[in-house]
Amino acid sequence: MSAPGISLEVRNLRKSWGAVDVLKGVDFDIHAGGFLTLLGPSGCGKSTALKLISGLESVTAGQILLDGQEVTGKAASDRNIGMVFQNYALFPHMSVAENITYGLKVRKVAKATQQASLKRVAELMALSPLLDRKPAQLSGGQQQRVALARVLVSERPIVLMDEPLSNLDAKLRVEIRSEIRALNKQLGITVLYVTHDQSEALSMSDTVVLMNKGQVAQIGTPKDLYDRPANTFTASFIGTPPMNLLAAKDVVLPDWVASRVSAEQADLLIGVRPEIMHILGDNADFSARCTVASVEYEGSVFLVHLRTQTGAAFILAHHGPDAPIPGGEIVVGWGNEQAHLFSRETGRRISSS
Amino acid sequence: MNKRLPFGLAMVLLFVPCLLLVAFTHYPALRALLNSFWNNASSRRPSKFVGVENYQTLLEDDRLAQIMLNSTLYALGTIPLAIGLAIGMALLVNARLPGTSLMRLSFFMPTMLPMIAVANIWLFFYAPGIGLASQILGVFGLPPINFLGSTETSLVSMMFVAVWKEAGLFMIFYLAALQAVPENLKDAARLEGASATRIFFNIVLPLLRPTTIFVAVNALINAFRLVDHVIVMTRGGPNNSSALLLYYIYEVTFSQRDFAYGATLTVLMVCLLGVLAAVQFWVLNRKAHYQ
Ligand SMILES: Nc1ncnc2c1ncn2[C@@H]1O[C@H](COP(=O)(O)OP(=O)(O)OP(=O)(O)O)[C@@H](O)[C@H]1O
Ligand SMILES: [Mg+2]
């Protein structure tokens, strides 16, 4: 059943509903067999992008290319795209088996072939004992697997998934996450995945497209997004807790940055990950004096809420046997390689060379 | 909100509705049941207990047989048609077309009008010679028909009015049900390559089934309770061709003043409606949900 995946290219995709511009020119592409995730806050246009790509909605402008062929004007049914919907969209009046084979039936695939495909997919997704049940008689995880099975049975070269794990509990989510990833790798299907959960995006994808208000904020590998956020939006979206962004005046800067601040009159933001900073960093490249506002215990780390002298709040993720005491004054520091510099005005990253 | 009602007021609020219920529903029903075992009183002799004699009359009543047939035909003829029409109108109104709210209003209008008004309007439409229906026939060069005045057409003409009036009401139910059909189910079917017609029959129609059951059983009950149209339009005539059960009860009881037999017929109708209501609850509980 390994339908080898096909590539997808999206060029300057735009969608407006009346006067509201939901997508304002989105570009990205996935190579055949790749796993790309659209990540972004609620309402940034992720589902809209999927609807345009699948053909369920028409584009306002832009192009969609599948396997190098333009499909922008084609009907949804002619694009050979599979889709897993956010709430699974299982047909409530059909049994699991009927749900899975519905597409085959519509396309008039021979009965025997239908049954063979059903059997194979049901085994793959461990659904064989459940085939006669109605969707309402299944658990969330089982429904999820039926939705996946329905897409797999059609042997589509590319599958779109709209927050497929959002209704599941944390444990199941991790389980199915790796199942989806395995399907992508084993079967070679191209996957375009949508989520607002960054840990899902970072752990599964080859490439992440981070979206903000209908525009692409950054495209890159999960590591790119984490290690080199291109702008303050990415910096403050990726990471739990996300990167601290401190004003230059709150930080004791090394000479090469300090000279830059005065030379260019640039208003800099200094970004640093909470888990990178360490306490008592007087002799670190960067340091900041601050008071401890409160401490949260998170299991493996303490989240220490700090306040700079000018009152700006930021967070330190402290590993260690015990945490600083609230009310106390500490100095936190970090090295040159761990500092991210952003322009306050444009929000863009400033290369730290 | 947690203030407690004074005990006296609570009792008043409890007893007034109960009293109304007993006075106008339970007591008359019981009274009818009792009356159906007694014969009519006259000036010369008082009413006396006759057992099931009235029920024997009922079984031998040719006129009743005709009327039950009429009622059944009426139900079978109007309900599927009205449901079909209602689904069609609901689909039309639910589509994103210009002017749908106006359409919605015009479809629903017949339902908002009082029965008597509707019947009078149609009385005029059906008037032989001068009525709209006859004039339309005239345009096509067809001879006028006395719609309400002939045994062949009176029942059908009344059924037509019922469909016209009921379909608008049913449409509202179907419209609500259609709007509750999740968009992504249709999207999923579309991606599988299903045509719009196919989506309707495979996805939408099955999801409308609970509504259809609800509407059908209610319509069935209404069909046996209908009386207003009959009184205004045909008075059951000619020759009982358009008489329905409730109208017959009305006639027996208040025109012929045969209270005993009227009571017997009432018991028959209450039993019939009871059975239909029971079927409705049973079917709705068992079949109407996909949970
Ligand atoms: N049919 C529509 N008509 C008008 N506006 C719409 C329509 N569908 C979506 N929108 C708007 O487009 C924006 C993006 O919606 P979209 O569903 O793509 O968000 P999303 O990124 O998928 O969010 P979420 O993570 O909450 O699902 C929202 O502001 C939404 O209100
Ligand atoms: Mg969405």
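Student: In chain A, what share of the contacts with a separation of 6 or more comes from residues 24 or more positions apart?

Tutor: The structure is a predicted model. Contacts in chain A with a separation of 6 or more are taken as the total, and those between residues 24 or more positions apart are set against that total. The share is 67%.

Student: What fraction of the residues of chain A counts as buried?

Tutor: A residue counts as buried when its relative accessible area is under 20%. Chain A has 353 residues, and its C-alpha trace spans about 75 × 45 × 35 Å along the principal axes. Its secondary structure comes to nine helices and 19 strands. The buried fraction of the chain is 53%.

Student: How much of the area that chain A exposes is supplied by carbon and sulfur atoms?

Tutor: The exposed area of chain A is about 15400 Å². The part supplied by carbon and sulfur atoms is 50%.

Student: Which helix of chain A gives the most residues to the shell around ligand 1?

Tutor: The shell includes Lys46(A), Ser47(A) and Thr48(A), along with others such as Trp17(A) and His196(A). By class, the shell residues divide into three nonpolar, six polar and two charged. The helix that gives the most spans residues 46-54 and contributes three residues; it is H1.

Student: What percentage of the accessible area of ligand 1 does the protein cover?

Tutor: Oxygen atoms of ligand 1 lie 2.4 Å from a side-chain N or O atom of Ser42(A), 2.7 Å from a backbone N or O atom of Gly43(A) and 3.0 Å from a polar side-chain atom of Glu163(A). On its own, ligand 1 has 630 Å² of accessible area, and the part covered by the protein is 58%.

Student: Is Glu251(B) buried or exposed?

Tutor: Glu251(B) lies in helix H12 (residues 245-255) of chain B. Not counting residues up to four places away in sequence, Glu251(B) touches Arg63(B), Arg235(B) and Gln256(B). Because its relative accessible area is 16%, which is under 20%, Glu251(B) is classed as buried.

Student: What distance does helix H10 of chain B reach from its first C-alpha to its last?

Tutor: Helix H10 of chain B covers residues 209-225, 17 residues in total. Its buried residues include Thr211(B), Ile213(B), Val215(B) and Phe224(B). At 1.5 Å a residue, a span of 24 Å is expected, and the helix comes close to this value, reaching 24 Å.

Conventions: Residues numbered from 1 in each chain as written. Chains lettered and ligands numbered in written order. Predicted model: local features only at pLDDT ≥ 70, side-chain atom pairs only at ≥ 80, totals over all residues. Heavy atoms only, no water. Near = heavy atom within 4 Å. Polar contact = N/O pair within 3.5 Å; in protein donor to acceptor, adjacent residues only side chain to side chain. Areas by Shrake-Rupley, 256 points an atom, 1.4 Å probe, with all protein chains shown as cover. Helix = DSSP H or I, 4+ residues; strand = E, 2+ residues; numbered from the N terminus. Nonpolar A, V, L, I, M, F, W, Y, C, P; charged D, E, K, R; others polar. Buried < 20%, exposed > 50% of the residue type's maximum accessible area, 1.4 Å probe, protein only. Contact = heavy atoms within 4.5 Å. Expected span 1.5 Å × (residues − 1).
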